[in-house]
Amino acid sequence: MTAGEFSALLVLATATSFTPGPNTTLSTALAANGGLPRALRFIAAVPVGWGLLFTLCAAGVGSLVVAVPALRWAILLGGTVYLLWLARRLWGSRSLSSVDSARLNVGFWQGVGLQFLNIKAWMLALSIVAGWIAGQADAQQRFVAVLPVLLAFAFVSNLSYALVGSLLRHWLAGPVVDGQPTGARLLMFNRLMALALVLTSAWMLLGGAGLSFGSAS
């Protein structure tokens, strides 16, 4: 892999990893509501799930997502329903304890599975495989070199968003009235996070629809 190819990969990884999306939104919300230690399960799950997805795409399995519209839509609709369910759980939460114990419970394996329900993650993985790995004489060496870079970006980006959420945690519990935190800021924050998940779902649906129309033409 040339220096130019690797630089282009770094630009793509930065742009896709650090822009807001379902993973970074959940990382922020989990840390803000339950603290950074609780969010670490999901943060660790993102690179594991995406690494598995990327490996499948490099092995050729991911091409089925493009070739079979029904499979692509099953992934897309499954991911949309899950994100909307999480958004509903977040919308009315203004207590740190209630969110932590009941409303927003996204564990490690749920985080891994979420990567397979994100049609944009599939398309990104397929794009990287097509642009940097497939058809190259040193395809295996390229895969070994690319995978750790992508996993590192997935982990660091979600950790960065979670750190922001954890730093805001105690401030969000206020303002304090008569010695008791009202949670008004947390309610507004959670509703913004819920709205971000809804917009992400709409973005995924529009992108999936565009991909289907493009495939049919």
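**Figure 1. Phe-18, partly exposed, and its ring partner.** In this predicted model, Phe-18 counts as partly exposed, since its relative accessibility is 31%. Aromatic pairs come to 6 in all. One of them joins Phe-18 to Phe-153 in an edge-to-face arrangement, with 6.4 Å from centre to centre and 80° between the planes. Phe-18 sits in helix H1 and Phe-153 in helix H9, so this pair ties together parts of the chain that are 135 residues apart in sequence. Phe-153 falls on the buried side of the 20% cut-off, because its relative accessible area is 18%.

**Figure 2. Phe-116 meets Trp-122.** Here is another edge-to-face aromatic pair, made by Phe-116 and Trp-122, with ring centres 6.1 Å apart and planes at 70°. Which of the two classes, buried or partly exposed, does Trp-122 belong to? Trp-122 is buried, because its relative accessibility is 6%. Phe-116, at 23%, counts as partly exposed. The line between them is drawn at 20%, so Phe-116 ends up in the partly exposed class.

**Figure 3. An aromatic cluster of Trp-50, Phe-54 and Phe-143.** These residues form one aromatic cluster. If you pick Phe-54 as the anchor, you can walk outward through its neighbours: leaving out residues up to four places away in sequence, Phe-54 touches Ala-125, Ile-128, Val-129, Ile-133, Phe-143, Val-146, Leu-147 and Leu-150. Phe-143 therefore turns up both as a cluster member and as a contact of Phe-54.

**Figure 4. Inside the largest nonpolar core.** How many residues make up the largest nonpolar core? It holds 50, and Phe-54, Ile-128 and Leu-150 are the members with the most contacts inside it. The elements giving two or more residues to this core are helices H1 (3-18), H2 (22-34), H3 (36-58), H5 (69-91), H8 (119-133), H9 (139-172) and H10 (184-216). H8 hands over the largest share, 10 residues. As general background, nonpolar side chains in soluble globular proteins tend to be buried together. Zooming in on the top of the contact list, Ile-128 and Leu-150 are both touched by Phe-54.

**Figure 5. Arg-142 and its acidic partners.** A search of the whole structure turns up 2 salt bridges. In one, Arg-142 pairs with Glu-5, and the closest N and O atoms are 3.1 Å apart. That bridge links distant parts of the chain, with Arg-142 in helix H9 and Glu-5 in helix H1, 137 residues apart. Arg-142 also bridges to Asp-138, this time with 2.9 Å between the closest N and O atoms. Glu-5, Asp-138 and Arg-142 are thus linked in a network of salt bridges. Where does Arg-142 stand, buried or exposed? For a charged side chain, the answer may be worth a look: Arg-142 counts as buried, because its relative accessibility is 7%. The acidic ends are partly exposed, with Glu-5 at 23% and Asp-138 at 26%.

**Figure 6. A nonpolar surface patch.** Leu-56, Val-61, Leu-64, Val-68 and Leu-71 make a nonpolar patch of about 350 Å² on the surface. Leu-71 belongs to helix H5, and its 36% relative accessible area puts it in the partly exposed class. Helix H5 is also among the elements that give two or more residues to the 50-residue core in Figure 4.

**Figure 7. Leu-167 on the outside of H9.** Leu-167 belongs to helix H9 and is exposed, because its relative accessible area is 73%, and the cut-off for exposed is over 50%. How far apart are the C-alpha atoms of Leu-167 and Ala-32? They are separated by 7.5 Å, although these positions lie 135 residues apart along the chain.

**Figure 8. Stepping back to the whole chain.** Counting elements gives 10 helices and 2 strands. Along the sequence they run α-α-α-α-α-α-α-α-α-β-β-α, which puts the strands just before the final helix. Of the 217 residues, 44% count as buried. Among contacts with a separation of 6 or more, 81% come from residues 24 or more positions apart. The chain exposes about 10,300 Å², and carbon and sulfur atoms supply 72% of that.

Note on methods:
Residues are numbered from 1 along each chain as its sequence is written. Side-chain values use heavy atoms; hydrogens and water are left out. A nonpolar core is a set of buried Ala, Val, Leu, Ile, Met, Phe, Trp, Tyr and Cys residues joined through side-chain atoms within 4.5 Å. Buried means under 20% relative accessible area, exposed over 50%, partly exposed in between (1.4 Å probe, protein chains only). Contact means heavy atoms within 4.5 Å. Rings of Phe, Tyr and Trp (its six-membered ring) pair if their centres lie within 6.5 Å; planes under 30 degrees apart count as stacked, over 60 as edge-to-face and the rest as tilted. Accessible areas come from the Shrake-Rupley method with a 1.4 Å probe; for residues, only the protein chains shown count as cover. Patches are made of residues with over 30% relative accessible area and no salt bridge: like charges are joined within 9 Å, nonpolar side chains (Val, Leu, Ile, Met, Phe, Trp, Tyr) within 5 Å. A salt bridge is a side-chain nitrogen of Lys or Arg within 4 Å of a carboxyl oxygen of Asp or Glu.
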